[in-house]
Every structure is written in structure tokens, then in C-alpha cells.
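This report was prepared to accompany the sequence and the three-dimensional model. It is intended to be read with both at hand.

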Amino acid sequence: MIELSGVALDRAGRRVLSGLDLRLTERRIGVVGANGSGKSSFVRLLNGLLKPSEGTARVFGIDTTADPKAARRAVGFLFQNPDHQIVYPGVAEDLAFGLKNRDLPKREIAPRVDAALVRFGLAGFGERLVHELSGGERQLVALAGIMVLEPRLLVLDEPTTLLDLRNTRRVMAAVEAADTPVVMVTHDLALLEGFDRVLVFEAGRLVCDAPPRDALDAYRRIAGA
Ligand SMILES: Nc1ncnc2c1ncn2[C@@H]1O[C@H](COP(=O)(O)OP(=O)(O)OP(=O)(O)O)[C@@H](O)[C@H]1O
């Protein structure tokens, strides 16, 4: 699914990730680490938002440097703040936007948008204005907008940081129900229970790669917590 070989990444002339050799095939992969340790940079390598300064990053066999467009199609990316993701003022309109960009025949767009709204607990929200929704509802709209495009992998970068407990549960339940493989960055360690594999970053390096319990123990040790 994901293959990084000899990957290093520089941002603004500074090395922020190095020594990454990884093969990821699990369905649920968590990413943790201190602020600035390189988590967001790492996940941005997975859909070609950032390109390795050294080495190669492949997703489903696609080299993200050679074909960033194909990488972006294969890998959906949910940001922490849905307002950075949602383009149109109307909910249904926003979901339709991505499908129009994919040149889907017009008659197929509305049914797919409706089905996605139902699937993500947003039935009846199609005609609502995004700015009138709660933060949790907006994050669900952003998620539905990605999933309606049927990515092969979903990357989530701190998707619940701005949400209360109830909305965190709603978003996580929607992610779980989607049944698409997930790579998720989070500071909320409890969300990683049941994940298959957790990567711990520290100062731009992968310092632990293990099942959740061992990885989170290692992270707590590193953090002195
Ligand atoms: N747009 C940017 N331009 C230059 N350097 C950046 C940029 N974004 C992040 N960095 C640097 O890259 C390093 C890793 O940042 P990154 O955002 O990947 O960390 P993170 O682990 O996701 O942090 P956080 O938990 O705070 O989100 C940091 O030193 C940061 O200052």
C-alpha cells in the first residue's frame, strides 16, 4: 500500500525527516509524536502534497514525485480544520465539486452525493449552508467530500483536535464504517486503541514502529510522561 525507501525531507532548507524506510500494509495505522517531530510532514508525503528531497515514496505502486496527480486521486487527505477543505458554501454543492472535477456524468453526481450524505450521518443536510453547521458537522462534510471520491487510502491529520467528545466519536465512527485503510495522526492516544500499527516520530526520525500498546508506552517514555 505504502512504500518509502531512503526518504528524507527538507522544508525551508532544513531537514525535517530522515532515514525513512517503510512498508505499510495494515488497515489502521496511527502516527504520534511531539509537536514539530515531523508527523504532518510524513503524512503529506503519502499523497504527494510534499515530495521527498531524497529517496522515493510510493502509494499503491504510484511514485508520488513522478505522478502526484494519481497519488492525490488514490489518497484522500482530511485536515484538522474542515474550513481549509470545504470550498463551496452549500453542503451538497461542495460534495458535488470533487465529482465534477473527475468528469463524472451529471446524472451520476446527485445520487452519489445523496448516498454519501446518508452514509456520513448528514441526510437532509444537502441544502444547508456549511458556515451554519457546527464544527463536528463541518468535519463530517469534509470527510464525506473526500470519501465520495472513493480514495483507496484515507489520511487524517489530527481530524478530531477541534472537536468535542461527541463529535470526535461521530467522526471516528464514520471513519471506521467507511472501511477504507487509514493513516491517522493524532495527539489523542485513546483513539488508537484497536489500531494495527503505530509509528512514533521524534525529531524527524521514526523511533518506534509497533502495535499500539508498545508504541504508546515508548512514546510516553520519550515524552517523560
Ligand atoms: N510550511 C513549512 N515550512 C517550513 N518548515 C515547516 C513547515 N511546516 C512545518 N515545518 C517544520 O517541519 C518540522 C516538522 O513539522 P510538522 O508539522 O511535520 O510536525 P508535527 O509533528 O506534525 O507537529 P504538530 O504536532 O505540531 O502538528 C518542524 O520543525 C516545522 O517547523
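The following paragraphs treat the sheets, a central strand, the helices and the surroundings of the ligand. The model is a predicted one.

**The six-stranded sheet**

Six strands form an open sheet in the order β6-β7-β8-β3-β9-β10, and their pairing is mixed. β6 and β10 (205-210) are its edge strands, each pairing on one side only. From one strand to the next, the twist averages 20°. Several of the strand pairs in this sheet are set out below.

| Strand pair | Sense | Bridges | Residues opposite each other |
|---|---|---|---|
| β6 (residues 75-78) and β7 | parallel | 4 bridges | Leu-78 and Leu-156 |
| β7 and β8 (residues 182-185) | parallel | 4 bridges | Leu-154 and Val-182 |
| β3 and β8 | parallel | 4 bridges | Ile-29 and Val-183 |

Between β7 and β8 the chain passes through helix α6 (residues 165-178), and this β-α-β crossover is right-handed.

**Strand β7**

Strand β7 spans residues 153-157, and 5 of its 5 residues are buried, so the strand is largely enclosed by the rest of the structure. In a regular strand, side chains alternate between the two faces of the sheet. In β7 both faces are covered: Leu-153, Val-155 and Asp-157 are buried on one side, and Leu-154 and Leu-156 are buried on the other. Helix α5 (residues 135-147) lies across β6 and β7 and runs at about 170° to β6.

**Helix α3**

Helix α3 comprises residues 91-101, and its buried residues include Val-91, Ala-92, Asp-94, Leu-95, Ala-96 and Leu-99. The elements covering the buried residues of α3 include α4 (106-119) and α5. Helix α5 thus appears in two settings: it lies across β6 and β7, and it is among the elements that cover α3. After α3 comes Asp-103, which has a positive phi near 60°.

**The four-stranded sheet**

A further open sheet has 4 strands in the order β2-β1-β4-β5, with antiparallel pairing. Its edge strands are β2 (14-24) and β5 (62-63), each of which pairs on one side only. Strand β4 (residues 54-59) pairs with β5 in the antiparallel sense over 2 bridges. Within this pairing, Val-59 has Ile-62 in β5 as its bridge partner.

**The surroundings of the ligand**

The ligand is surrounded by Arg-11, Ala-12, Val-16, Gly-33, Asn-35, Gly-36, Ser-37, Gly-38, Lys-39, Ser-40 and Ser-41. By residue type, this shell divides into 2 nonpolar, 7 polar and 2 charged residues. Helix α1 (residues 39-44) gives the most to the shell, with 3 residues.

Ser-37, one of the residues around the ligand, is placed in the loop between β3 (28-33) and α1. Is Ser-37 buried or exposed? Ser-37 has 23 other C-beta atoms within 10 Å. A residue counts as buried when 20 or more other C-beta atoms lie within 10 Å of its own, so Ser-37 is buried. Leaving aside residues up to four places away in sequence, Ser-37 touches Phe-201, Glu-202, Ala-203 and Gly-204. Ser-37 and Leu-192 are 155 residues apart in sequence, and their C-alpha atoms are 18 Å apart in space.

Terms used
Residues numbered from 1 in each chain as written. Predicted model: local features only at pLDDT ≥ 70, side-chain atom pairs only at ≥ 80, totals over all residues. Buried ≥ 20, exposed ≤ 12 C-beta atoms within 10 Å, placed from the backbone. Pairing = 2+ DSSP bridges. Right-handed = clockwise from strand over helix to strand, strands pointing away. Near = placed C-beta within 6 Å. Nonpolar A, V, L, I, M, F, W, Y, C, P; charged D, E, K, R; others polar. Contact = placed C-beta atoms within 7 Å. Axes fitted to C-alpha atoms, helices over the stretch in contact; angles between N-to-C directions.
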